[in-house]
Every structure is written in C-alpha cells, then in structure tokens.
Amino acid sequence: MGPRRHPEGRPVRGDRSRGIALVTVLWFVVLLSLAGAAFLGVARDGMDESTMLRQRARAESLAETGVSLALLLLLESAHRGALSRDGSPRTFGIGEDRVTVRVQDVAGRIDLNDADEALLRGLFLSAGLEPGRAEALAAAVLDWRDRDDEGQAEAALYRRAGLAHGPANRPFETVNELRQVVGVDTALFARVAPALTVYAWRPEVDAAYATPVVLSALRAAGAAEPRGSGETVTAADVRPRWGIVGADLPPSDTDTYAIDVDAALADGTRFRAEAVVMLTGDAARPFTVQAWAPALD
C-alpha cells in the first residue's frame, strides 16, 4: 500500500512533516553518538595519560631506589665485591620490576675542566671523528673553559656556525654544557658524555676504573701505560672509613662516584637517571649528592 495522498494527488502535508522530523531525529542521534564517542575518546586519552604519568613516577621512584641501593653497597663493606666501580652493570629485581645499576669512580672519567688538549683530542678520535675535526673540537673545549682575551674571535666562530651564543670562558659546570660547544652535535655528545665528568678535578685518568672509550682515548693521546692499568686491590689497600668498625672501602683518589640507573617496570615503562655522589668519611653524613638528573638520550 503506497503513501496516503491528497484527493487531488498531492502528498499529504502531515506525512512530509513526519518524514522531515524523522530525518532530523536520526541526524540528532548520529551527532549525539559522535559527540559521545569523542567524549569517550578524550576520557580514554585522559586515563591513558594519567596512567602514563603514574607509571613514569613509579619508574622514577625505582631509579631513586637504585641509587640508594648503590650507595648502600658502596658503604657496606660486607658487599664490597657486589658492585664494581668501573661502570659494569648489575641488575636487581624488585618484584616484577628491574633496576640496572652502574657505579663508576669518576677517576676513571675524563674531566672536562682539567684534561689537556691531547686527551680531549684522543677522546674525539675514539668517538670516530677524523683527526682534523677531533683537533678542532679539542681546541673548542679549551676555548670554552679558558679565560682569555680572544673573545671576539671565538664569538665570531660561533656566529658563523649559526649559534646565538659564544664560549662561556669559564669552567664547565655540567657535562651537558658540552652540547653548547661549537661543533658538538647530538650524536657526538651521546657517544662521549659517558666518558666525561666535571667532578674528578684532576688531569689524569685512573685506567683501573675506565671504560673502553676512555682507554681508547688514553691510547690515542699517547699514554702508553695509562695510570692504574693492571692494578689490583688487596686487603692491605683497604682503609677504614666512616668511623664504623668493619666499614672499609678500597682506596679512591676522588671518593666520588657516578651512579647510572636504568629502571624498567614490568609494563615496559623506563626511566634512566644519573647521580654523582661524594663519600665524605663522616659517619654522621657519609655522602653528599653532587648532581642528580634524568639521563639525556
């Protein structure tokens, strides 16, 4: 049966009105559905972001736990052999989570403020740079930290490289500051940063605690027999510390350690950070934190 029609053959006005109303209602329902879906999407995104932030906070807390664990192992003589001081990794399980800890005596790193030009050049060579660029970068590091009267010439070099700043003409305050030196890009910084420190306060490197990159830099700098190579720690070398009976540590020229932690939660969330701590020998305050920052990837 077809639609009702006006006696003269025209459609009944009421039928048309009801059709328009039905279409309007359908459009309204569609729009409400779209709005609801959008709202749910925003809510879900908000929940996802909240979860991510919560998990990141957990990972950061786990990283702090890793630093505390490393300090306990450094300070507790009974665990002296449990954690090497040359940057070798040690992984600990905490429930379903994991934290990997690396402790390195900063005597095994190259101090940005005290290393000579030959050692800096050796570092850049060990990072894979060709000799000309390695030499130029070593000179740029010296220019950054030196207080001299060649400021205009050095600043012009930075301007030619498109940088708005010039050399600081003062010591490096952090290793991260190396990224501002002309010629240092992100990839190069990532390769050399783990070999560097600003807390050794000495020009030489103790090879007993050096990583392969630092050992390569020493060889490239012409150090035929790097200081510390082949050294072993014996019972006679261990000295009493902290004024606590039995709390001994192998000797260190710096008593300062870089502690790198990589915290990984069971869901894959990760947080990396590095702390630099100095052991004081004071039983009341056995260490001070020199630096703490998320690792720069």
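1. E274 has a relative accessible area of 26% and is therefore partly exposed. In this predicted model, the side chain of E274 forms a salt bridge with that of R109, at 3.3 Å from N to O. R109, by contrast, has a relative accessibility of 8% and counts as buried. The pair ties together parts that are 165 residues apart in sequence, because E274 belongs to strand β8 (residues 270–279) and R109 to the loop between β2 and β3 (110–111).

2. The contact between E274 and R109 belongs to a wider set, since a search of the whole structure finds nine salt bridges. Another of them joins the side chains of D97 and R58, with an N to O distance of 2.8 Å. Distant parts of the chain are linked here as well: D97 sits in strand β2 (residues 97–105) and R58 in helix α1 (residues 13–75), 39 residues apart. D97 is buried, at a relative accessible area of 11%, whereas R58, at 39%, counts as partly exposed.

3. A further salt bridge connects the side chains of E177 and R170 at 2.5 Å, N to O. E177 has a relative accessible area of 7%, which makes this residue buried, while R170 is partly exposed at 26%. R170 and E177 do not stand alone in this arrangement, as a network of salt bridges links R170, E173 and E177.

4. Some overall values give the setting. The protein chain comprises six helices and nine strands. It has 297 residues, of which 35% count as buried. Among contacts in the protein chain with a separation of 6 or more, 56% are between residues 24 or more positions apart. The chain exposes about 16900 Å², and carbon and sulfur atoms supply 57% of that area.

5. The aromatic side chains deserve a separate point. With ring centres required to lie within 6.5 Å, the count comes to three aromatic pairs. In one pair, the rings of W144 and Y158 have centres 6.4 Å apart and planes at 40°, so the pair is tilted. W144 lies in helix α3 (residues 131–145) and Y158 in helix α4 (residues 151–160), so this pair ties together parts that are 14 residues apart in sequence. W144 and Y158 are both buried.

6. W144 also pairs with F172: the ring centres are 5.9 Å apart and the planes stand at 20°, so this pair is stacked. The link again spans distant parts of the chain, 28 residues apart, with W144 in helix α3. Both W144 and F172 are buried. Through these ring pairs, W144, Y158 and F172 are linked into a cluster.

7. F172 also figures in the largest nonpolar core, which has 38 residues; I110, F124, F172, L178, V181, V192 and L196 touch the most other members. Helices α2 (117–126), α3, α5 and α6 (212–220) each supply at least two residues of this core. The greatest contribution comes from α3, with seven residues. For F124, once neighbours within four places in sequence are left aside, the contacts are L129, A134, L137, A138, V141, L188 and V192.

8. Apart from this core lies another, of 24 residues, with V67, L73, V261 and L279 among them. V261 also appears in the strand pairing, where its bridge partner in β8 is A273. Strands β7 and β8 run antiparallel and are joined by nine bridges. Five residues lie between the strands of this hairpin, in which G268 takes a positive phi near 100°.

9. Strand β7 merits attention for its burial. Eight of its nine residues (the strand covers residues 256–264) are buried, so β7 is largely enclosed by the rest of the structure. Strand β7 also pairs with β2: the two run antiparallel and are joined by eight bridges. Within this pairing, R102 stands opposite D260 in β7. Strand β7 is thus bridged to β2 and to β8. Each of these two partners also holds an acidic residue of a salt bridge described above, D97 in β2 and E274 in β8.

Key
Residues are numbered from 1 along each chain as its sequence is written. This is a predicted model: local features need pLDDT of at least 70, side-chain atom pairs count only at pLDDT 80 or more; totals for chains, interfaces and linings use all residues. Side-chain values use heavy atoms; hydrogens and water are left out. A salt bridge is a side-chain nitrogen of Lys or Arg within 4 Å of a carboxyl oxygen of Asp or Glu. Helices (H or I, at least four residues) and strands (E, at least two) are DSSP runs, numbered from the N terminus. Buried means under 20% relative accessible area, exposed over 50%, partly exposed in between (1.4 Å probe, protein chains only). Contact means heavy atoms within 4.5 Å. Accessible areas come from the Shrake-Rupley method with a 1.4 Å probe; for residues, only the protein chains shown count as cover. Rings of Phe, Tyr and Trp (its six-membered ring) pair if their centres lie within 6.5 Å; planes under 30 degrees apart count as stacked, over 60 as edge-to-face and the rest as tilted. A nonpolar core is a set of buried Ala, Val, Leu, Ile, Met, Phe, Trp, Tyr and Cys residues joined through side-chain atoms within 4.5 Å. Two strands pair if DSSP finds at least two bridges between them.
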